[in-house]
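Me: I have a structure open and would like to understand the labels people put on it. Could you take me through the reasoning?

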Amino acid sequence: MFKKLRAIMDETDFDSLLGINGDVSLIFVIDTTGSMGDEIAAAKEIAKAIAAHPRDSPVEFILSPFNDPSKFNDS
């Protein structure tokens, strides 16, 4: 999954992006709007691949879904 990204980044930058060498928090923000179905599926696969990547130190993962709140505020 990361072959294209790794091909354009040097190893240090790639490891930094994925939090390989440090005690970090990685936050995934995913738009859960209904029209984003295909993108949501792709984002889930990317998040799973990042979470499964071997690391040297612990990583905290945070998932933050968001959508259009106006559809819930029909006052």
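Reply: Happy to! From the N terminus on, the elements run α-α-β-α-β, which gives 3 helices and 2 strands. Keep in mind that this is a predicted model.

Me: What makes F28 and F61 an aromatic pair, and how do you know whether they are stacked or edge-to-face?

Reply: Their ring centres lie 6.2 Å apart, and the rule asks for centres within 6.5 Å. The planes are at 15°, and under 30 degrees counts as stacked, so this pair is stacked. By this rule the count comes to 1 aromatic pair.

Me: Which parts of the protein does the pair tie together?

Reply: F28 lies in strand 1 and F61 in strand 2, so the pair links parts that are 33 residues apart in sequence.

Me: Why is F28 called buried or exposed, and what about F61?

Reply: F28 has 17% relative accessibility, and buried means under 20%, so F28 counts as buried. F61 has a relative accessible area of 36%; that falls between the 20% and 50% cut-offs, so F61 is partly exposed.

Me: How do you know that I62 can belong to a surface patch?

Reply: I62, found in strand 2, has 33% relative accessibility. Patch residues need over 30%, so I62 passes that cut-off. Together with I27, V29 and F66, I62 makes a nonpolar patch of about 360 Å². Strand 1 (24–31) and strand 2 (59–66) each supply at least two of the patch residues.

Technical notes. Residues are numbered from 1 along each chain as its sequence is written. This is a predicted model: local features need pLDDT of at least 70, side-chain atom pairs count only at pLDDT 80 or more; totals for chains, interfaces and linings use all residues. Side-chain values use heavy atoms; hydrogens and water are left out. Patches are made of residues with over 30% relative accessible area and no salt bridge: like charges are joined within 9 Å, nonpolar side chains (Val, Leu, Ile, Met, Phe, Trp, Tyr) within 5 Å. Accessible areas come from the Shrake-Rupley method with a 1.4 Å probe; for residues, only the protein chains shown count as cover. A salt bridge is a side-chain nitrogen of Lys or Arg within 4 Å of a carboxyl oxygen of Asp or Glu. Helices (H or I, at least four residues) and strands (E, at least two) are DSSP runs, numbered from the N terminus. Buried means under 20% relative accessible area, exposed over 50%, partly exposed in between (1.4 Å probe, protein chains only). Rings of Phe, Tyr and Trp (its six-membered ring) pair if their centres lie within 6.5 Å; planes under 30 degrees apart count as stacked, over 60 as edge-to-face and the rest as tilted.
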